[in-house]
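Thanks for making the time; I would like to walk you through one part of this model at a time, beginning with strand pairing. Please have the view open as I go.

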Amino acid sequence: MAAQIIDGKAVSAKVKEEIRQEIERDKLEIGLAVVIVGDDPASRVYVNNKKKACEVCGIKSYEYALPAETTEAQLMELIDTLNDDDKVNGILVQLPLPKHLNEEAVIARISPLKDVDAFSASNVGKIMIGNYAFLPCTPAGCIELIHSTGIDVSGKECVVIGRSNIVGKPMAMLLLHENGTVTVCHSRTKNLAEVCRRADILVAAVGRPGFVTGDMVKPGAVVIDVGINRNADGKLCGDCVFDECAKKASWITPVPGGVGPMTIAMLMKNTVMAKRIQTAK
Ligand code: NDP
């Protein structure tokens, strides 16, 4: 039996429409500052998509495109200015930054109340203890996609492949908050295929095309493919061999059109949340 496709475009459009209506209804004036340093083409695409989503939702976006040779002091100065600017409710620094800039220090400079990516240590800590305002956008998007299938995570075997700070680790934490039994795999994991075959919910966040093959998927599993890669033909693809995995899974996300659009929708949600928190202060 072929898997049903989890349509990330449709789910994200619904989330964005709900946000648009909320902003219109409550006459909210919300601003998101997007900072991009250098001219990485993939980053440029992501920033443009975020700006488009802001337009759809009725959020004002302020773009700061800085040259690759920007110094850390200059970037910090900009962040300080944005932290103090009441029109700016969310600040997003597009990663990766050029090598000479210390990403951790830059993220740490963003006010936690405006850290809509939820990458700062204080927001990550809040996620750990389960008392959070912002959820990291990509894992939060994955959870929404799982919810859209109607499948309850509670008690399920969940396997996350990848342990990065921005995807794998927070993803594992969110599944744990939903009472999943979570295993996190990484490059040192032994018998990875065997571990994956245990998963009722399999999340792939590796960054390698063709990494998850059909034999690694338990029949009936939900497969969430976070990977964004280019195959040998230069076409966008995920970490999963889609056709093979779709034959085994009950639900699967495509790439493109799965997790990617959800990440951006969750960013919009966090920006509205930021406005609410700042207004309540
Ligand atoms: P990282 O490179 O930071 O992490 C990759 C993880 O995969 C690491 O934990 C690494 O293990 C693990 N890994 C690598 N090789 C293997 C292997 N052979 N066996 C098992 N595990 C392995 O990537 P990110 O987490 O930042 O991103 C992952 C993917 O998700 C990328 O394709 C990225 O483009 C995509 N992405 C998509 C987003 C979206 O919106 N859809 C948003 C963010 C990322 P180890 O720690 O041991 O090195």
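Valine 35 stands opposite tyrosine 64 in strand S3, and I start there in this predicted model as a way into the pairing of two strands. Strand S2, which covers residues 31–37, pairs with S3 in the parallel sense over 7 bridges, and a further partnership in that pairing is the one between valine 37 and leucine 66, the latter sitting in S3.

If we now step back to the sheet, how many strands form it, and in what order do they come? There are 3 strands, arranged as S3-S2-S4 in an open sheet with parallel pairing. Strand S3, residues 60–66, and strand S4, residues 90–93, each have a single partner strand and stand at the edges, so one side of each is left without a neighbour in the sheet. From one strand to the next, the twist averages 15 degrees.

Is S2 mostly covered or mostly open? S2 is mostly covered, with 7 of its 7 residues buried, and this holds for both faces: Gly31, Ala33, Val35 and Val37 are buried on one side, while Leu32, Val34 and Ile36 are buried on the other. Helix H3, made of residues 72–84, lies across S2, S3 and S4, and runs at about 175 degrees to S2.

Let me turn to another strand, S8, which spans residues 222–225 and is likewise covered on both faces, with Val222 and Ile224 buried on one side and Val223 and Asp225 buried on the other. Strand S7, residues 201–204, runs parallel to S8 and is joined to it by 4 bridges; within that pairing, valine 203 stands opposite isoleucine 224 of S8. S8 also pairs in the parallel sense with strand S11, residues 251–252, over 2 bridges, and here valine 222 stands opposite tryptophan 251 in S11.

Finally, a word about the surface. Which residues make the nonpolar patch of about 310 Å²? The patch is made by Val45, Tyr46, Ile228 and Leu236. Of these, tyrosine 46 is found in helix H2, residues 41–57, and because its relative accessibility is 32%, which lies between the 20% and 50% limits, tyrosine 46 counts as partly exposed.

To close, I would set two pictures side by side: S2, buried at 7 of its 7 residues, and the nonpolar surface patch, to which tyrosine 46 contributes.

Note on methods
Residues numbered from 1 in each chain as written. Predicted model: local features only at pLDDT ≥ 70, side-chain atom pairs only at ≥ 80, totals over all residues. Heavy atoms only, no water. Pairing = 2+ DSSP bridges. Axes fitted to C-alpha atoms, helices over the stretch in contact; angles between N-to-C directions. Contact = heavy atoms within 4.5 Å. Patch = residues over 30% accessible without salt bridge, like charges linked within 9 Å, V, L, I, M, F, W, Y side chains within 5 Å. Areas by Shrake-Rupley, 256 points an atom, 1.4 Å probe, with all protein chains shown as cover. Salt bridge = Lys/Arg side-chain N within 4 Å of Asp/Glu carboxyl O. Buried < 20%, exposed > 50% of the residue type's maximum accessible area, 1.4 Å probe, protein only.
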